[in-house]
Amino acid sequence: MRKGKISNIQKKYLTYTLLLLALTIILSSVGVWIFMRKNMTEVIVDNYVFINEKMGMTLDYLYTRSDETTAECILDDAVQDSLKTRELEEVEKNALSKYFAYLELEDIEEYCYVDNKKNVYTKSYSKISYEDFRESGLEDALAGTYAETRWFLARDTLFGTGEEALFIGRYVRNMEYSHEPGMIFFKMNDQFLERVIETQSGTEEDVAIGIIDKNGNFFMEHYPENFQMEEKDKEKILGLTKREDSGVILTRYKGEGGILQAYRQQESGMVIFTLVPNKILDRGLNQIFLVLAGIYAIVTLIAVAVSLYFSRIFTEPIQMISKEMTSFDGKDFSHTISLHTDTELDQIGESYNKMLGNIERLLTEIKKQEKELRVSEMNMLISQIKPHFLYNTLDTIYMLARINGEKTTMKMIQALSGYLRLSLSKGGDMVTVEDELDNVKNYLEIQKIRNEDLFSYEISCQPEVENRWTLKLILQPLAENAIKYGFCDIFEGGLIRIDVRELSGRLTFSVYNNGKPMDKEIAEKINALGKVPVPEMKKAFPDKQKGYGVINIATRLRLKYGDQVEFGYEVLEEGTRCVIKLPVDGKENYEQ
């Protein structure tokens, strides 16, 4: 390794070190963020909760002042006289108009008093008729009240400004007689409600403050620069107008844009709210994170330098081991390693040298054993075909020779001869489809002689597949199973149908019998053999009395064709069908 060059091991070590540092930085930053924000949020929110409550109390005070002022107007003698049946003299009307101009309630911009005889009293320069008053719609705002002071927002069409303003209205009733009431309305200037916010000087620069009437109209809004209220927060505030309780009705509510507080004035139904933006809550954390960033940067530089220094001590011998191991091609076993580091790496080098020698010896032995095992396995499977069939057949021939005469004996011997000729000839394991069908036909002929009325059989084959090559002795065990297990409960009428054809590029064997259907659990177990390793297949049916012939076929097929073979049973309502699908190929492509 060249001096100064960073190895892959060093790169990974450095990467993991940086990842660990990054994880530490992230976790500590999150911890600081959560802790500091929580504490700072509590301090800031506590302050604005108090401010919101204080502004709400100011709103209560203003309403009380307006209610007291309207009450004073009702109790005034001139106002009471105007509600009597007697019409006031012109001088008395002028005096009454001037009376309203000197009320102690501050920030009255305009006023309008209408007695129960449709006389209108306003400032001297205001020329307003009763028709003008009716058209303004102010009277509708008092609907449903008796003697309460009502605050409401309305567009000023009475005094001609056309702007939306806060009006204070109340019915004025005679204290001695029951007559139609009069009405008094004060149009308030902006300073009337602004003093609610002005009592907390400077807060409007940091937080969003506003008042909303019971109809959901926002006014007297003061928002910080570049602030825009989120729609969900606005919906939350609008929902507060439906509340019936008063005082502090919302505190420390975590909205989309920040922390929300609200105070509802009982009589007017107006809600004053403060929303502390998230940027105010985050203010002050930036400096803390700048300090942390500086500390993290210094720690990271130190960690990188230390990691590179110490990792280089170990990477040089590891690279030597890696070079020798990667250059090993499995053939040349002369590349050994010599290390002198006085560490465990020396033992790794010695172990590698020993491993090379062992691999060389084992590789030679495995190749030899693998060839012998394959030949032995195939020979063993073929030799495991039970000889009892041969003995039973010879015994039957003997009995028939004595009882039935020459023709039957000759037929039996001819069928047996054909069967043994294919089963034991030449030791090869590949035959043509035609020979395999002749073999199973000979077997079925012998069985029909032994069991004359038990069953019949049908064999069909596409002419073009007769010369295809296949593993031998795969149909006879299937036919034997059909007779032994499928026809175990009948004495006649059995049917075995064998069909061979090429389907979808596959050589397909189908063996059907109409006897007793195979147990579904056994069929599923056999069908699952395709996913079982070959050495484990024999363990699927430890009882050799059941399923051993099928295991024999499946094992031989897997050894010959590998994963290209498909072997399985279909359980039908009347009988069982076994289907084998093999690749279509020539004999020369298979090992003998």
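In strand β17, R577 has E570 standing opposite, and Y512 stands opposite R577 as well. Strands here are DSSP E runs of at least two residues, and helices are H or I runs of at least four, both numbered from the N terminus. This is a predicted model, so to speak of local features takes pLDDT of at least 70 and side-chain atom pairs count only at pLDDT 80 or more, while totals for chains, interfaces and linings use all residues. Residues are numbered from 1 along each chain as its sequence is written, and side-chain values use heavy atoms, with hydrogens and water left out.

Back to β17 and its partners. Strand β16 (residues 566-572) pairs with β17 in the antiparallel sense over seven bridges, and a hairpin with two residues in between links β16 and β17. Strand β15 (residues 506-513) is also antiparallel to β17, over eight bridges; pairing takes at least two DSSP bridges between the strands. Seven of the nine residues of β17 (residues 575-583) are buried, so the rest of the structure largely encloses this strand. Buried means under 20% relative accessible area with a 1.4 Å probe, counting protein chains only.

On the helical side, α12 (residues 433-450) runs to 18 residues and spans 26 Å from first C-alpha to last, close to the 26 Å expected at 1.5 Å a residue, where the expected span is 1.5 Å times one less than the number of residues. Its buried residues include V433, L437, Y443 and Q447.

Chain-wide, there are 15 helices and 17 strands, and 42% of the 592 residues are buried.

How values were computed. Buried means under 20% relative accessible area, exposed over 50%, partly exposed in between (1.4 Å probe, protein chains only).
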